[in-house]
Amino acid sequence: MKKKKLEEKKKTILTVVLIIILIIVALLISFFIYVKTSFISKDKVKEIIIEKMNVNESDIYFESIDFELDKKEYEVEIYYNNNDYEFKIDAKEGKVFYTDYYVSSGSVNNNAGNNTNNNVQTTQGNNITLDEAIKIALDNANASENDVNFVKKQEDYDDNELVYDVEFHYRGYEYEYEIRAKDGVIISQDKDQLRRNGAN
């Protein structure tokens, strides 16, 4: 009798364990299907970033593509043109809502205006950092940090609004930038040729 009871208990335990395993497997499959059907794929994330940057895929190294389920977003770190950049992308709609990569102004808005909105790619939410402002200025001047001599890089306030002042010498010219912290827009910029007896 005792043996029968023990065997019945074992069978009951095994049955319960199997049921639990099946439930877990079913939940995992359901979760996998939910993720696959509700959110964009990592390949799609790559396509979005490549299109946003307007560069060749071979020029970009994707260091990490992390899916944050609780935030429903992808956090992506890439290496491009000797710099590290970060992207945050809505996992459902595929919209880039944060990046510290700024498109160089190039031929955009060649008219001689006052406040040129050259780097319109904005960082939503928090203010950009001083380092990000420096990158914006360097990109605008088509220069790299190693090739310039910085004169000034500091926080300032313009009409109670946080801005960054960035000044540097590069290839015989002095560049001056005032960059708005809330969105990375270049408020003012100046480029003056250095005197021959001045710094390079």
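# Burial, packing and pairing

Student: Which residues of helix 3 are buried, and what does the word buried mean here?

Tutor: In helix 3, the buried residues are Glu132, Ala133, Ile134, Ile136, Ala137, Leu138, Asp139 and Asn140. Buried means under 20% relative accessible area, exposed means over 50%, and partly exposed is the range in between, with a 1.4 Å probe and protein chains only. This is a predicted model, in which local features need pLDDT of at least 70 and side-chain atom pairs count only at pLDDT 80 or more, while totals for chains, interfaces and linings use all residues. Residues are numbered from 1 along each chain as its sequence is written, and side-chain values use heavy atoms, with hydrogens and water left out.

Student: What makes helix 3 mostly covered, and what covers its buried residues?

Tutor: Helix 3 spans residues 130–140, and 8 of its 11 residues are buried. Helices (H or I, at least four residues) and strands (E, at least two) are DSSP runs, numbered from the N terminus. The cover over the buried residues of helix 3, where contact means heavy atoms within 4.5 Å, includes strand 4 (96–99), strand 5 (149–158), strand 6 (161–170), strand 7 (173–180) and strand 8 (186–193).

Student: What makes a set of residues a nonpolar core, and which members of the largest one touch the most others?

Tutor: A nonpolar core is a set of buried Ala, Val, Leu, Ile, Met, Phe, Trp, Tyr and Cys residues joined through side-chain atoms within 4.5 Å. The largest has 21 residues, among which Ile49, Met53, Val76 and Ile78 touch the most other members. At least two residues of this core come from each of helix 2 (42–53), strand 1 (60–68), strand 2 (73–80) and strand 3 (83–90), and helix 2 gives the largest share, 5 residues. A second, separate core holds 19 residues, including Ala141, Ala143, Leu162 and Tyr170.

Student: How do you know which strands sit at the edges of the open sheet?

Tutor: Two strands pair if DSSP finds at least two bridges between them. The open sheet has 4 strands in the order 1-2-3-4, with antiparallel pairing, and strand 1 and strand 4 are the edge strands, each pairing on one side only. Strand 2 and strand 3, for instance, have 8 bridges in the antiparallel sense, so they meet the criterion of at least two. Helix 2 packs on the sheet, touching strand 1, strand 2, strand 3 and strand 4, and its direction makes about 130° with that of strand 1; axes are lines fitted to C-alpha atoms, for helices over the stretch in contact, and angles run from 0 to 180 degrees between N-to-C directions.

Student: Why is Thr99 called buried?

Tutor: Thr99, which is found in strand 4, counts as buried because its relative accessibility is 1%. A polar atom of the Thr99 side chain lies 3.1 Å from the backbone oxygen of Glu86.

Student: Why is Asn54 called exposed, and what is its phi?

Tutor: Asn54, placed in the loop between helix 2 and strand 1, is exposed because its relative accessible area is 68%. Most residues other than glycine have a negative phi, whereas phi of Asn54 is positive, near 60°.

Student: Why does Arg171 count as exposed?

Tutor: Arg171 counts as exposed because its relative accessibility is 69%. Arg171 is found in the loop between strand 6 and strand 7, and although not a glycine, Arg171 has a positive phi of about 50°.

How values were computed
A polar contact is a pair of N or O atoms within 3.5 Å; within protein, one must be able to donate a hydrogen and the other to accept it, and residues adjacent in sequence count only if both atoms are side-chain atoms.
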